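Let's walk through this model together, starting with a pocket and then turning to the way some of its helices pack. Keep the 3D view open as you read.

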Amino acid sequence: MAFQLPFSFGSGSAAKPLDSRARQSKMMDYDKPLVWVVLLLMLLGMVMVYSASISLSDARKFAAYTNNYFVVRQALFIGISIIVGALVFRIPVATWQKMAPWLFIGTLVLLVMVLIPGLGVSVNGGRRWLNLPGLRPQPSELMKVVMVLYAADYTVRKQEYMHKLTKGFMPMALAVSFVGLLLLMEPDLGAFGVIVCIAMGILFLGGVNAIWFGGIGAMLTAIFVTIIALSKFRRERFFAYLDPWQEDNALNKAYQLTHSLIAFGRGELFGVGLGGSVEKLHYLPEAHTDFLLAVIGEELGLVGVLVVIGMFYWIIKRAFDIGRQAIAIDQTFAGLTAKGIAIWIGVQTFINMGVNLGLLPTKGLTLPLMSYGGTGVLINCIGLAILLRIDYENRILMRGGRL
């Protein structure tokens, strides 16, 4: 009897006949709770994107759009992302390991293309999108999932050299530095920070020398501080973050932060009700993207925010559990990839929420799975589909089957 999944993702090309002991197992074929939590986050995000964007058409900038323009596009993005995720799920983990170096090189080419006039699209002072017919993909989003795969593959290939600087740590550090240089030219310091955390986290979990790891970590911290110190607009934004209610800051660099905090304050415990936000009425910029959590806080209150935090915590914890399980059955690449996905989602979620709550300086990072944006939702679904595939293969092996 063939091992098959009882849902639309299909069984995948790696399914093999199992012995009688495996057939008697009552273990679920896939992680159903993980699928449902991801779907619920995307659906809640779509509802909140509609609420946050419904009044945008009143502004001159969005006068050509209808009230439901953004929610219709978000629904389309989610539908496409689910279909692509189902296709990605069918690709064996071993295939991802073989493709990882080539995917890394291809994504580097895309990052270079973004900087070429005519190919790259500039929005609000940042050149982060490619100008393709009918599409505006964001290569920096793609690099996040590609970095997870590349760092995991690199750690496995260089395992015997991980305690050496020149053969173990330095090649990966150079690769990340080159990615960082391209991202800073866009500029996209937020994406660079997430990618550095992914690479460093996977190397740490893969057994890199602790002394070199600590030293490079300190050097990266110094680099980030230097970048902020030498950039006038970043420096002004940082000082505004330290004192957002000072009059000049509240009207300029800390404008988004102060209105985000006002939104949370208005929401109190249970919120003002779905659709009742005042801050989304052209007071809070980017309410449907970077500051979606502030609208959730205003309309659904502390309870709504805690529910969202709880669902993200569950996804991240489950990803680490899947990674630990894979490593326990000698699937090191799969295990590091799963943990890398957990780091990616966790760090980006923490930064977005920290910015919304005033715990971190304002940075242009979206809330995974929820904020408006096609590339972000698509790449999140691809990463989580790979995570589901890792869990699926873990279950096959634990049943006694073969990949």
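**A pocket and three helix pairs**

The second largest pocket holds about 620 Å³ of space. Please keep in mind throughout that this is a predicted model. Which residues lie nearest the centre of this pocket? They are Leu189, Gly193, Phe224, Ile228 and Lys363, out of 23 residues that line it. Two or more lining residues come from each of these elements: helix H7 (189-205), helix H8 (210-230), helix H9 (232-242) and helix H13 (332-356). By class, the lining of the second largest pocket is made up of 15 nonpolar, five polar and three charged residues.

Helix H13 is a handy place to move on to the packing of helices. Its partner here is helix H12, which spans residues 292-328. The axes of H12 and H13 lie 8 Å apart, and the angle between the two helices is about 165°. An angle over 145 degrees counts as roughly antiparallel, and H12 and H13 are therefore roughly antiparallel to each other. The two helices make a left-handed crossing. In the contact of H12 with H13 you will find 19 nonpolar residues, along with seven polar and two charged ones.

Stay with H12 and look for another partner, helix H14 (residues 374-398). How are H12 and H14 oriented to each other? They pack at an angle of about 40°, with axes 10 Å apart, and are therefore oblique to each other. H12 passes H14 in a crossing that is left-handed. On the H12 side, the residues that meet H14 are Ile315, Arg318, Ala319, Ile322, Gln325 and Ala326. Facing them from H14 are Leu384, Leu387, Ile390, Asp391, Asn394, Arg395 and Met398. This contact of H12 with H14 contains eight nonpolar, two polar and three charged residues.

For the last pair, go back along the chain to helix H2 (residues 32-53) and helix H3 (residues 69-89). Here the packing angle is about 165° and the axes are 8 Å apart, so H2 and H3 are roughly antiparallel to each other. Is the crossing of H2 and H3 left-handed or right-handed? H2 passes H3 in a right-handed crossing. H2 brings Leu39, Met42, Met46, Val49, Tyr50 and Ser53 to the contact, while H3 brings Phe70, Val71, Gln74, Ala75, Ile78 and Ile82. Ten of these contact residues are nonpolar and two are polar, with no charged residue in the contact of H2 with H3.

Methods:
Residues are numbered from 1 along each chain as its sequence is written. This is a predicted model: local features need pLDDT of at least 70, side-chain atom pairs count only at pLDDT 80 or more; totals for chains, interfaces and linings use all residues. Side-chain values use heavy atoms; hydrogens and water are left out. On a 1 Å grid over the protein atoms alone, a cavity is a set of points where a 1.4 Å probe fits but cannot get out, and a pocket is an open set with protein on both sides within 12 Å along at least five of seven lines; lining residues have an atom within 4 Å of a point. Grid points are joined across faces, edges and corners, and a volume is the space filled by probe spheres set on the points. Helices (H or I, at least four residues) and strands (E, at least two) are DSSP runs, numbered from the N terminus. Ala, Val, Leu, Ile, Met, Phe, Trp, Tyr, Cys and Pro count as nonpolar, Asp, Glu, Lys and Arg as charged, and the others, Gly among them, as polar. Axes are lines fitted to C-alpha atoms, for helices over the stretch in contact, and angles run from 0 to 180 degrees between N-to-C directions. Angles under 35 degrees count as roughly parallel, over 145 as roughly antiparallel, 65 to 115 as roughly perpendicular and the rest as oblique. A crossing is left-handed if the near helix is turned anticlockwise from the far one by less than a right angle, and right-handed if clockwise. Contact means heavy atoms within 4.5 Å.
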